[in-house]
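Trainee: Got a minute to go through this one with me? I'd like to take it piece by piece.

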Amino acid sequence: MRRVSRIAVAGVATASLAVALSACGGSSTSASSGGSAKTKGIGLAYDIGGKGDQSFNDAAYAGFQKAETDLKMSGRDIEPQDGESDADKVQRLEQLAKSGYNPVIGVGFVYAPAVKEVAAKYPKITFGIIDDEQDKAANVADMVFHEEQASYLAGVAAAKATKKSHIGFVGGVDIPLIHKFEAGYVQGAQSVNPKIKIEKQYLTQTPQEGGFSSPDKGKDAAEGQIEAGADVIYAAAGLSGQGVIQSAASHKVWAIGVDSDQYKQDALAKYKDYILTSATKDVAGAVYNLAKSVADGKPATGVVRASLATGGVGLADSNPAFKNNADLQAALKKAEAGIKDGSITVKTS
């Protein structure tokens with residue numbers, strides 16, 4: 001089984017973890033004092049790449065930890081396996097539901113079929129899925145984001161930061177969700193410079209081929225784009241994005257991270273001077289808010305969509321070189337205002 005590091009993200013205190021193994025992936029269970037009267041705790045099933053990706057899954061883990069700490073909830077989180085089937089995901093969610101965890105959250109659109117099947121079997125349990133809104137069941141919360149809006153801002157930043165009018169985009173998998181990242185990025189960059197050159201590459205056609213879990217694929221793609229002349233590269237590729245960041249740092253060009261503030265990730269610390277910013281989405285907040293709604297006895301269901309206007313997506317400003325660039329910040333402020341007031345409509349494909 002693949003081993004991944006466990007890190008604390010978003011400054012949330014780490015709970016003590018006892019490691020166990022199950023037929024449907026590695027899992028960890030943490031016990032907190034107190035506990036909710038309405039639920040055994042929060043159950044979390046990770047997406048491809050698992051915990052330690054410094055991005056999407058780790059953002060979900062931050063929300064999981066915050067729920068444990070702030071709400072005094074117990075929690076169980078389970079890792080995926082390489083090459084697993086939808087049946088494995090069904091088994092994983094059923095394991096959490098049978099054990100009494102509520103809510104049960106699938107991290108990523110790959111859980112859509114499993115959430116639909118298992119939620120129908122456990123109507124009294126609230127299920128959440130991140131990045132998918134297909135299932136309209138009464139006990140399912142579809143937690144989705146306007147990724148294209150944050151990506152538009154990332155494109156503006158890239159166009160302002162490039163010295164060659166030449167930037168790049170690396171998508172993990174060639175699917176509609178990642179097309180949103182590309183569309184916003186390209187539109188944002190072209191709003192600054194209509195003639196800017198943009199390299200684009202998707203690592204794989206399907207998630208099963210490793211597009212979200214292969215840093216080596218990300219590194220190779222970035223190497224090719226840098227060789228072609230790009231000096232700012234935005235990666236929407238999960239764990240594979242670490243390879244993009246590594247390549248950018250080795251060539252002393254800019255990388256733009258995704259989902260989490262990758263400048264602040266411990267595992268990426270040696271590359272942080274080359275992480276200009278990250279297009280973030282508040283996956284941690286989505287996980288925490290769903291857990292809180294259940295603990296409060298008012299479970300959230302239906303489509304819950306985060307945007308720039310709600311603060312659910314945005315750009316991280318941890319890098320002083322980004323934060324202190326007055327021209328870049330002025331352009332971003334103008335773009336953000338336009339998106340919020342509707343004068344800029346961001347494309348999704």
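Trainee: Okay, where does Pro-103 lie?

Mentor: Pro-103 is in the loop between helix 2 (86-98) and strand 5 (104-106). Keep in mind that this is a predicted model.

Trainee: What kind of peptide bond joins Asn-102 and Pro-103?

Mentor: A cis one, with omega at about 10°. As a general rule, most peptide bonds are trans.

Trainee: And what about the phi of Lys-252, positive or negative?

Mentor: Positive, at about 60°, although Lys-252 is not a glycine. Most residues other than glycine have a negative phi. You'll find Lys-252 in the loop between helix 7 (241-250) and strand 11 (254-259).

Trainee: Switching to sheets. What's the strand order in the open sheet of six strands?

Mentor: The order is 9-8-10-11-12-14, and the pairing is mixed.

Trainee: Which strands stand at the edges, and why is one side of each left without a neighbour?

Mentor: Strand 9 (197-204) and strand 14 (313-315) are the edge strands; each has a single partner strand, so one side of each has no neighbour in the sheet.

Trainee: How much are neighbouring strands of this sheet turned against each other?

Mentor: By 15° on average, ignoring direction.

Trainee: Let's take the edges one at a time. How do strand 8 and strand 9 run, parallel or antiparallel?

Mentor: Strand 8 (residues 166-173) and strand 9 run parallel, joined by seven bridges. To pick out one spot, Ile-167 stands opposite Ile-198 in strand 9.

Trainee: What does the chain pass through from strand 8 to strand 9?

Mentor: Helix 5, and the resulting β-α-β crossover is right-handed.

Trainee: Then the other edge: in which sense do strand 12 and strand 14 pair?

Mentor: Strand 12 (residues 275-281) pairs with strand 14 in the antiparallel sense, over three bridges. Thr-280 has Gly-314 in strand 14 as its bridge partner.

Trainee: Back to helix 5. At what angle do the axes of helix 4 and helix 5 cross?

Mentor: Roughly 40°, with the axes of helix 4 (residues 147-161) and helix 5 (residues 176-192) coming within 6 Å. That makes helix 4 oblique to helix 5. The crossing of these two helices is right-handed.

Trainee: Which residues make that contact between helix 4 and helix 5?

Mentor: On the helix 4 side, they include Ser-151, Ala-154, Gly-155 and Ala-158. Helix 5 contributes residues including Phe-181, Gly-184, Tyr-185 and Gly-188. By class, the contact has 10 nonpolar, six polar and four charged residues.

Trainee: And helix 4 against helix 10, how do their axes cross?

Mentor: The axes of helix 4 and helix 10 (residues 326-341) come within 10 Å and cross at roughly 155°. Angles over 145 degrees count as roughly antiparallel, and helix 4 and helix 10 are therefore roughly antiparallel to each other. Their crossing is right-handed.

Trainee: What residues are in the contact of helix 4 with helix 10?

Mentor: From helix 4, Gln-149, Tyr-152, Leu-153, Val-156, Ala-157 and Lys-160. From helix 10, Asp-327, Leu-328, Ala-331, Leu-332, Ala-335, Glu-336 and Ile-339. They split into nine nonpolar, one polar and three charged.

Trainee: Last one. How do helix 2 and helix 3 cross?

Mentor: The axes of helix 2 and helix 3 (residues 112-121) come within 9 Å and cross at roughly 40°. That makes helix 2 oblique to helix 3, and the crossing is right-handed.

Trainee: Which residues meet there, and how many are charged?

Mentor: Asp-86, Lys-89, Val-90, Leu-93 and Glu-94 in helix 2 meet Pro-113, Ala-114, Val-115, Glu-117, Val-118 and Lys-121 in helix 3. The contact of helix 2 with helix 3 has five charged residues, six nonpolar and no polar ones.

Methods
Residues are numbered from 1 along each chain as its sequence is written. This is a predicted model: local features need pLDDT of at least 70, side-chain atom pairs count only at pLDDT 80 or more; totals for chains, interfaces and linings use all residues. Side-chain values use heavy atoms; hydrogens and water are left out. Two strands pair if DSSP finds at least two bridges between them. Helices (H or I, at least four residues) and strands (E, at least two) are DSSP runs, numbered from the N terminus. Axes are lines fitted to C-alpha atoms, for helices over the stretch in contact, and angles run from 0 to 180 degrees between N-to-C directions. Angles under 35 degrees count as roughly parallel, over 145 as roughly antiparallel, 65 to 115 as roughly perpendicular and the rest as oblique. A crossing is left-handed if the near helix is turned anticlockwise from the far one by less than a right angle, and right-handed if clockwise. Contact means heavy atoms within 4.5 Å. Ala, Val, Leu, Ile, Met, Phe, Trp, Tyr, Cys and Pro count as nonpolar, Asp, Glu, Lys and Arg as charged, and the others, Gly among them, as polar. A crossover is right-handed if, with the strands pointing away from the viewer, the path from the first strand over the helix to the second runs clockwise.
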